Amino acid sequence: SYFPQGECFPCPQEGCPMMGHYADRFAGKLKGVNQKWFLNTAADPPFATWRQKVFIKLSGVKKMRGDINLVFHDTEGNTKEYEIASGVLSQDEVYTKYLDVEINPRNTKQIEFLWNKAVFTLLWARLGAETVNITHGEDGRR
């Protein structure tokens with residue numbers, strides 16, 4: 001269960017496992033027997049996804065109920081929305097999530113931070129993101 005928890009990202013120093021025609025050239029493949037390899041794909045063609053690690057640190061009120069989403073916009077006008085956290089959100093916590101984003105980082109034009117509050121109070125406007133870091137690619141670029 002290392003893969004779903006994001007513990008295989010970014011790729012090890014020796015590189016990402018290869019798939020397809022050249023898969024037999026990946027040195028790690030020869031190290032063990034009966035190894036399992038996993039691949040997350042998008043639901044629609046071309047099925048490509050880019051694994052990204054998202055860190056969000058909130059600022060503002062101490063605790064609030066709601067959810068945090070990120071919306072990825074690409075240069076062709078496509079958008080995809082992903083939930084990062086939901087429920088009681090705290091200013092003291094850093095929210096980390098691995099996303100398999102269906103928009104190529106090279107074509108990403110904008111990433112929008114959405115804060116959806118579940119309870120309407122006078123305090124809601126004082127909660128925002130102090131930091132949003134997104135790491136992608138096998139070399140862990142930001």
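**A chain of six strands**

In this protein, 68% of the contacts with a separation of 6 or more join residues 24 or more positions apart. The model behind that value is predicted.

Start with the elements. The protein has 6 strands and 0 helices. Read from the N terminus, the order is β-β-β-β-β-β.

Next, the surface. The protein has 142 residues, and 31% of them count as buried. The exposed area comes to about 9700 Å². Carbon and sulfur atoms supply 51% of that area.

Now turn to the aromatic rings. Searching the whole structure gives 1 aromatic pair. The partners are Phe72 and Tyr82, with ring centres 5.7 Å apart. Their planes stand at 80°, so the pair is edge-to-face; the cut-off for that label is over 60 degrees. Phe72 sits in strand β2, which covers residues 63-74. Tyr82 sits in strand β3, residues 79-90. The two are 10 residues apart, and the pair links distant parts of the chain. Both Phe72 and Tyr82 are buried.

Stay with Phe72 for a moment. Gln110 touches this residue, and also touches Val71 and His73. That list leaves out residues up to four places away in sequence. Gln110 belongs to strand β5, residues 108-117. Along the chain, Gln110 and Val71 are 39 residues apart. In space, their C-alpha atoms are separated by 8.2 Å.

Is Gln110 buried or exposed? Gln110 falls in between: its relative accessible area is 39%, so this residue counts as partly exposed. The band for that label runs between 20% and 50%.

His73 is the next stop. This residue lies in strand β2. The relative accessibility of His73 is 16%, so His73 counts as buried. The limit for buried is under 20%.

Which residues does His73 contact, leaving aside its neighbours within four places in sequence? Asn78 and Thr79 are among them. Ile103 and Asn107 also belong to the list. Thr108, Lys109, Gln110 and Glu112 complete it. Gln110 thus appears from both sides: His73 is in contact with Gln110, and Gln110 touches His73.

Put the pieces together around strand β2. Phe72 of strand β2 pairs with Tyr82 of strand β3. His73, also in strand β2, is in contact with Gln110, a residue of strand β5.

Technical notes
Residues are numbered from 1 along each chain as its sequence is written. This is a predicted model: local features need pLDDT of at least 70, side-chain atom pairs count only at pLDDT 80 or more; totals for chains, interfaces and linings use all residues. Side-chain values use heavy atoms; hydrogens and water are left out. Helices (H or I, at least four residues) and strands (E, at least two) are DSSP runs, numbered from the N terminus. Buried means under 20% relative accessible area, exposed over 50%, partly exposed in between (1.4 Å probe, protein chains only). Contact means heavy atoms within 4.5 Å. Accessible areas come from the Shrake-Rupley method with a 1.4 Å probe; for residues, only the protein chains shown count as cover. Rings of Phe, Tyr and Trp (its six-membered ring) pair if their centres lie within 6.5 Å; planes under 30 degrees apart count as stacked, over 60 as edge-to-face and the rest as tilted.
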